[in-house]
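Trainee: Please take me slowly through a single part of this protein model, and explain each term with its cut-offs as you go.

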Amino acid sequence: MRLTRRRPLLVAVLFCALAVLAARPADGDGSHAPGHGSPSVSAEVARLYKEAAKATEQYEAGREEAEKQRDLAQRLEERLDRERQQAAGLREDLGRIASSQYRDGGGLPLTAHMLLADDPEQLMRGQRVVQHAEVALDQALGRSERAEARLARDEAKAAAAWKKLEQRNEELAALKQDIEEKLESARWKLQGEADASVTAGSCRGAVRLDQPPAQYTTSWVAPVETYELSASYGSGGARWANRHTGQDFAVPIGTPVRAVGSGTVVKVSCGGAFGIEIVVEHPGGYYTQYAHLAAVAVDQGERVSPGQWIGQSGTSGNSTGPHLHFEVRVTPEMGSSVDPVPWLAGRGVTL
């Protein structure tokens, strides 16, 4: 009987526990949910970035090689022209000698010349000179014709190689364009997910990216590898209440964002003016902020190293276009920023 009475009580306790668990927020504190990201789009963007970079490298290498082959074909064509001009000159010389012989001897055979000549020995010497000249011209013409034939073969080979490289380069250009179109589509899909996270005020969680191995000889790096500087620290603008508090890096959506130095992630959040943002604490009491991201690749409390990918750039929050907003602070919160350009320069990073 006692066991029968306890069973309903046990069932009720279990139902209460399930109700409490169901009532808990799915994202912990409402700002970041570790481990619940959607890796497909972020990973696709990162993969397409690598493919686009490789395709661009192949295209540029092919274009450079095609230019070399085209220059070689042009140089050979110029040499052919010179050889042809020299051969034409030699033929003209031979023609002049033959014409001179005809005028002087009336076209008579050598025996007749000897019988009619006043000084046959002198005539023989003259004929030997003419014969030697003819032999020399024949040899020169033979060499010129052989050289011309050789150059013509080389020029044909160079021209064929150039055309083949041009065709290959057209294929590489088409491949490059196809990858870039896919990348652009994936970028905006990633940004759409970021906008949804910002609207909900809840990040999707860290998406681990397949970062290529990189070795840095310095303790500090720029927050992105390739960039153009845009809005600078302290500049004015209608979108800021006072002055700009960081340095902006104009980069496409999905660009890998790097930790500038070793440290600990102290904040990962979504929503507000900065959209998706990460704050890292560094030894020495400084903090760096990375804002307007499209995705994050680290969790709060995680240790990071210089150059490690911690997220992907975007245009979330109060942003006019794709870029990374980078700040250096003396506290983890806004309002304590310092100019990041000289701060990085003092650590060996020149922007």
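Mentor: What follows is a close look at strand E2 (residues 247–250). Before we start, keep in mind that this is a predicted model, in which local features need pLDDT of at least 70 and side-chain atom pairs count only at pLDDT 80 or more, while totals for chains, interfaces and linings use all residues. Residues are numbered from 1 along each chain as its sequence is written, and side-chain values use heavy atoms, with hydrogens and water left out.

The protein chain holds 5 helices and 10 strands; these are DSSP runs numbered from the N terminus, with at least four residues for a helix (H or I) and at least two for a strand (E). One residue of strand E2 is Asp248, which counts as buried because its relative accessibility is 6%, where buried means under 20% relative accessible area, exposed over 50% and partly exposed in between, using a 1.4 Å probe and protein chains only. The side chain of Asp248 makes a polar contact of 3.1 Å with that of His325; such a contact is a pair of N or O atoms within 3.5 Å, and within protein one atom must be able to donate a hydrogen and the other to accept it, while residues adjacent in sequence count only if both atoms are side-chain atoms. If we set aside neighbours within four places in sequence, the residues in contact with Asp248 (heavy atoms within 4.5 Å) are Glu228, Leu229, Ser230, Ala231, His323, Leu324 and His325.

Let us turn to the aromatic rings. The whole structure contains 5 aromatic pairs, in which rings of Phe, Tyr and Trp (its six-membered ring) have centres within 6.5 Å, with planes under 30 degrees apart called stacked, over 60 edge-to-face and the rest tilted. One of these pairs joins Tyr227 and Phe249 edge-to-face, at 5.0 Å centre to centre and 80° between the planes, and it links parts of the chain 22 residues apart, since Tyr227 sits in the loop between H4 and strand E1 (228–229) and Phe249 in strand E2. Tyr227 is partly exposed at 25% relative accessible area, whereas Phe249 counts as buried at 0%. Phe249 also pairs with Phe326, and because the planes of the two rings lie at 75°, with centres 6.3 Å apart, this pair is edge-to-face as well. Here the link runs from strand E2 to strand E9, across 77 residues, and Phe326 is itself buried at 0%. Together with Tyr290, the residues Tyr227, Phe249 and Phe326 form one aromatic cluster.
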